[in-house]
Amino acid sequence: MNKIINQQNDLLNKIGNTPLIELESLSKPNESYFAKLENHNPYGSIKDRAAYWMIIEAEKNGILKKNHSIIIEPTSGNTGIALTGIAKSLGYGIEIVIPEKASNETKNIIKSLGAKIYETTDDLCPKVGSGTDQSIALATSIASSRPKIYYSPNQYSNEANFFGHYNGTGPEIWKQTNGDITHFFTGVGTGGTITGVSTFIKEKNPKIKIIAVQPQINHLIQGLRNFEESAKPELFIKREKIVDDWITITNDEAFSVVKTILNKDKMLVSPSSATVYAAMQKYNFDSDIDTKCIVGIFADDGRKFKSIYVNQNIFTQSEFDYALKKSKYIPKLAYTKNDA
């Protein structure tokens, strides 16, 4: 039993401290671009941080009971993977509500990790707002039916989501850039990443510019949301003034850079990471800053998006397999042996 507990602790201790890698395809004299590679978390994405913090806080507050409680959450993918892996390792049941449009690889990973899945006809990312939130409504309904057993972390309003980045991702980026960061780019979903990281680094240097990246309306980017078609989550609204600027990236702009990043930076990225890269590439920077240090969040990698990339004619099946082998930054994950 102690051996199993130690293995669980070793796994959870690997959350965070992800690498910051320079993007040679974008960097130029006096302008350095970096990607924060969140695929190096044990379950493969930045959502490991929020999932862990939300579960630990629920434990501290006596909400969760091992081998009794069931966690249920609506998600477009990464939070579902992270919650399932962490919940199972800590002795909790787990049920995930997910849009049917999420990649088959994502759903297969969640199933292989042991979660029960409910699929809804939501758009790719469960929308916040009346009449558009089938995934959120279903998870809420199930949780409220048996409140002594079910617990929904509700990543859209849970402050632990914010603190996972305020206490983890933000300090890491500040340390890794030696405090030289001038611009921060990240996609927005729940708002936890952008508000947590930005609050911390702005406390260190209020001049750092925060750029929120959103996909187009009716987008194909799993994990991100467009706030023209979806209401802003409560977690984001509380601190949205931290954002200095917005940039919208089209599906074509995002998918068109996937091969560029692979060929020039040796990274097989996810659609959401490609969206952030495209934003960093497209953005009109202030000319009054002589030396720029630009950091973007690459929330996960591309290994679970094979079906999406083949469907969008980015890769053939064989090209994708070759790209996976060619990539330098594909770590072994906690579920690799079960990965679809």
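Here are three short exercises, with worked solutions, on the predicted model above.

**Exercise 1.** Find how F162 and F163 pair, and decide whether each is buried or exposed.

*Solution.* Start with the rings: their centres are 5.0 Å apart and their planes make an angle of 80 degrees. Planes over 60 degrees apart count as edge-to-face, so F162 and F163 form an edge-to-face pair. Next, look at accessibility. F162 has 3% relative accessibility, so F162 counts as buried. F163, at 32%, counts as partly exposed. To finish, look at the face of F162: R239 lies over that face, 3.6 Å from the ring centre.

**Exercise 2.** Work out how F163 and Y166 are arranged, and where they lie.

*Solution.* Begin with the elements: both residues belong to helix 6 (residues 159-176). They are three residues apart, about one turn of the helix. Now turn to the rings of F163 and Y166, which form an edge-to-face aromatic pair at 6.3 Å centre to centre, with 90 degrees between the planes.

**Exercise 3.** Describe the largest cavity and what lines it.

*Solution.* First take the volume: the largest cavity holds about 360 Å³ of space. Its lining is made of 31 residues, and I46, K47, G189, G223 and L224 are the closest to its centre. Then sort the lining by class: eleven residues are nonpolar, 17 polar and three charged. Finally, trace the elements involved. Helix 3 (78-90), strand 7 (183-187), helix 7 (192-204) and helix 11 (271-282) each supply at least two lining residues.

Methods: Residues are numbered from 1 along each chain as its sequence is written. This is a predicted model: local features need pLDDT of at least 70, side-chain atom pairs count only at pLDDT 80 or more; totals for chains, interfaces and linings use all residues. Side-chain values use heavy atoms; hydrogens and water are left out. Rings of Phe, Tyr and Trp (its six-membered ring) pair if their centres lie within 6.5 Å; planes under 30 degrees apart count as stacked, over 60 as edge-to-face and the rest as tilted. Buried means under 20% relative accessible area, exposed over 50%, partly exposed in between (1.4 Å probe, protein chains only). Helices (H or I, at least four residues) and strands (E, at least two) are DSSP runs, numbered from the N terminus. A charge sits over a ring if NZ of Lys or CZ of Arg is within 6 Å of the ring centre and within 35 degrees of the ring normal. On a 1 Å grid over the protein atoms alone, a cavity is a set of points where a 1.4 Å probe fits but cannot get out, and a pocket is an open set with protein on both sides within 12 Å along at least five of seven lines; lining residues have an atom within 4 Å of a point. Grid points are joined across faces, edges and corners, and a volume is the space filled by probe spheres set on the points. Ala, Val, Leu, Ile, Met, Phe, Trp, Tyr, Cys and Pro count as nonpolar, Asp, Glu, Lys and Arg as charged, and the others, Gly among them, as polar.
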